[in-house]
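Colleague: Please examine one part of this model closely, and describe how its side chains are arranged and what lies beside it.

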Amino acid sequence: MNAQSCLAELRRIRDVVFATVDADGKPRARIIDIMLAEPSRLIFCTARGKRFYQELTARPEVAVTGMNDRWQSIRLTGRAARLSEAEQRAWIDRIFEANPAMNDVHPGDARYILEAFAIDRGELEFFDLGRSPIVRESFAFGGCVSEIRGFKIVDGCIGCDTCAGLCPQQAIDAGTPYAIRQANCLHCGLCFENCPVDAIIRREAV
């Protein structure tokens, strides 16, 4: 996988969960259709009268999550930017051309109550629960840098094998020190909580 294939898969899933924050700081989530996937960006739309539109224009940070029929989830965090005023009608027409079922919901010129937005900068996480061990990959696009997450075993490790024995995905290899295979780690923290010498730390603290 890479960033572009993750964006394309979100488009293939299509009906995904968008999370925003409202004016009172409360989380809001709803199912939104991904209308187009272009190189390094996703396009979606919403109506100007909706609360979702108000939240996007006031606080454009969004979190998007979708899962396909192979138990592969993709999580995106980024910023939603309203596309330019001059091109709005052209974008809506293009969206309707690619998604003809939209004509049943907004027939004729009713479509122009909708406005198009793009997410062209953000972080992506691909999480494959359909494999054993699980596979996790992180990507960034549009100039973002992926945040470091998970856990790391440091030099204080005494090689007691406690962490490896407890890991539900068997993602810890013996060594000096022991090492966590980050691509197979659940980030559950079981090793972190049970290390007898506190030699496991959060990677973001490194």
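Modeller: Along strand 1 (residues 15-21), the side chains alternate between two faces: V16, F18 and T20 point to one face and are buried, whereas D15, V17, A19 and V21 point to the other and are not. In a regular strand, the side chains alternate in this way between the two faces of the sheet. Buried means under 20% relative accessible area, exposed over 50%, and partly exposed in between, with a 1.4 Å probe and protein chains only. Strands (E, at least two residues) and helices (H or I, at least four) are DSSP runs, numbered from the N terminus.

This is a predicted model, in which local features need pLDDT of at least 70, side-chain atom pairs count only at pLDDT 80 or more, and totals for chains, interfaces and linings use all residues. Residues are numbered from 1 along each chain as its sequence is written, and side-chain values use heavy atoms, with hydrogens and water left out.

Strand 1 runs antiparallel to strand 2 (residues 27-33), to which 7 bridges join it; two strands pair if DSSP finds at least two bridges between them. V21 has P27 of strand 2 as its bridge partner. The two strands form a hairpin with 5 residues between them, and G25 in the turn has a positive phi of about 80°.

Strand 1 also pairs with strand 5 (residues 61-67), in the antiparallel sense, over 3 bridges. Here F18, one of the buried residues of strand 1, stands opposite V64 in strand 5.
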